[in-house]
Amino acid sequence: MSQKVLFLEKGKGPFVVADAPIQKPGPGQLSVKVISAALNPVDWKIQAFDFFIQKYPAILGTDIAGDVEEVGEGVEGFAKGDKIFFQGYFTNEFAGFQQYTLIPADIVGKIPSNIDYAQASSIPLGFTTSAVGILSENGLALNPTFDSKVSFSGKPAFVLGGSTSVGQYAIQIFKLLGFSTIITYASARHTDFLKSLGATHVIDRGEVSADKLAEAVKKIANAPIENAYDGVGDEASVAAALDSLAEGGKLASVSPQAKGRGDGKNVIPIFGSSHAPQNRDFGRILWKHLPRLVQDGTIVPNRVEKLPNGLAGIDDGLKKLKDNKVSGVKLIAFPQETV
């Protein structure tokens, strides 16, 4: 049997809808009919700069929701037809921009009844990147086991880029951890929404420049800031976040190149994937807890914008992301709608 897929034909090449075989699940895996797949900045960056992909033609897409199609040998707790969501990976068998994909069953969650497929596919990459950065031993290590008794009441935290997908989840995770003051830097038009997620203060990036940001953050904070999360990842954001931290403070950043300055403040670059060997144990714990946190409203999905034309609509969506024409929402494609 064959399916429609969106191939990136070669490094820096075009995206093309094509036919490809549907793969059978191996032991410990699920085969999934992909209902929705979210777009992320990394997808256009891979096309533009040709990194991370070992083999072309390549299928991208790492935010996925769909239905279990077939259950691999040794898998328990899942059946054909179960609605699930999960993080894909940058290999064709595990990618999301296709009509059927595979996933190891130990890093999957069942979609809670209070959200739809599109909302579910807005969660995996953003939440995982924030959770690895804030909770795991490979990040700020604030609660690697999701222990509900852990609390940072009375403490402040800072999230740079609060309206980004990862920034929205970082705000919610700091709220889950009980931080009393959660300051974020974002466009003023997102203020009400970010406060609904748990931000106590939103500094308008239209009013306060990056070089004045640390001063503004310190004025608000009720105590020295020991923990910060950078959801933007450029040099200016890393510098501003570091300037906001107390001596000995820690910054988790989405920039793989982020480095400390030798001033006693720690910078931790984050690779936010449950598939990565260094994150796999934490990923299993995360996927045990995440569906419940979404079901009870503790974690709220990103707001979504639905794209037309199935897989063929992804190229235009990625161009919008690249041109900075998307803010505060996640673009979602529906592979089964491909003509």
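**View 1. S237 sits in helix α7 of this predicted model.** With a relative accessibility of just 4%, S237 counts as buried, because the cut-off for that label is under 20%. Leaving aside residues up to four places away in sequence, S237 touches L160, D230 and V232.

**View 2. Helices α6 and α7 pack side by side.** Here we have α6 (residues 210–220) and α7 (residues 235–244), whose axes come within 8 Å and cross at roughly 25 degrees. That makes the two helices roughly parallel to each other, since angles under 35 degrees get that label. As for handedness, α6 passes α7 in a right-handed crossing. On the α6 side the players are A210, L213, A214, V217 and K218, and they meet A236, A240, D243 and S244 of α7. Sorted by class, this contact has 6 nonpolar, 1 polar and 2 charged residues.

**View 3. What covers the buried residues of α6?** The buried residues in question are L213, A214, A216 and V217. Their cover includes strands β8 (156–160), β9 (181–186) and β10 (201–204), along with helix α7.

**View 4. Helices α3 and α4 make another packed pair.** The helices are α3 (residues 124–134) and α4 (residues 165–176), and they pack at an angle of about 50 degrees with their axes 8 Å apart. So α3 and α4 are oblique to each other, and their crossing is right-handed. From α3, the contact draws on G126, F127, T129, S130, A131 and I134, while α4 brings S165, V166, Y169, A170, I173 and F174. Count up the classes in this contact and you get 8 nonpolar, 4 polar and no charged residues.

**View 5. Helix α1 has its buried residues on the same side.** In α1 (residues 41–49), the buried residues are D43, W44, I46 and Q47. They span an arc of only 155 degrees around the axis, which is why they end up on the same side of the helix. It helps to recall that an α-helix has 3.6 residues a turn, so residues three or four places apart point the same way. Packed against the buried residues of α1 are strands β1 (2–8), β2 (15–21) and β3 (29–38), plus helix α9 (314–322). Just after α1 comes D50, with a positive phi near 55 degrees.

**View 6. The loop between α1 and β4 holds F52 and P57.** F52 is not a glycine, yet its phi is positive, at about 75 degrees. F52 counts as partly exposed, at 36% relative accessibility. Further along, Y56 and P57 are joined by a cis peptide bond, with omega at about -5 degrees. P57 belongs to the loop that runs from α1 to β4 (63–71).

**View 7. A141 lies in the loop between α3 and β8.** This is another residue with a positive phi, about 60 degrees, although A141 is not a glycine. Its relative accessible area is 31%, so A141 is partly exposed.

**View 8. K83 is in strand β5 (residues 83–87).** With a relative accessible area of 48%, K83 is partly exposed. Skipping residues up to four places away in sequence, K83 touches G66, D67, G109, K110, I111 and Y117. And how far apart in space are K83 and D315, C-alpha to C-alpha? They are 26 Å apart, with their positions 232 residues apart in sequence.

Terms used
Residues are numbered from 1 along each chain as its sequence is written. This is a predicted model: local features need pLDDT of at least 70, side-chain atom pairs count only at pLDDT 80 or more; totals for chains, interfaces and linings use all residues. Side-chain values use heavy atoms; hydrogens and water are left out. Axes are lines fitted to C-alpha atoms, for helices over the stretch in contact, and angles run from 0 to 180 degrees between N-to-C directions. Helices (H or I, at least four residues) and strands (E, at least two) are DSSP runs, numbered from the N terminus. Angles under 35 degrees count as roughly parallel, over 145 as roughly antiparallel, 65 to 115 as roughly perpendicular and the rest as oblique. A crossing is left-handed if the near helix is turned anticlockwise from the far one by less than a right angle, and right-handed if clockwise. Contact means heavy atoms within 4.5 Å. Ala, Val, Leu, Ile, Met, Phe, Trp, Tyr, Cys and Pro count as nonpolar, Asp, Glu, Lys and Arg as charged, and the others, Gly among them, as polar. Buried means under 20% relative accessible area, exposed over 50%, partly exposed in between (1.4 Å probe, protein chains only). The arc is that of the directions from the helix axis to the C-beta atoms.
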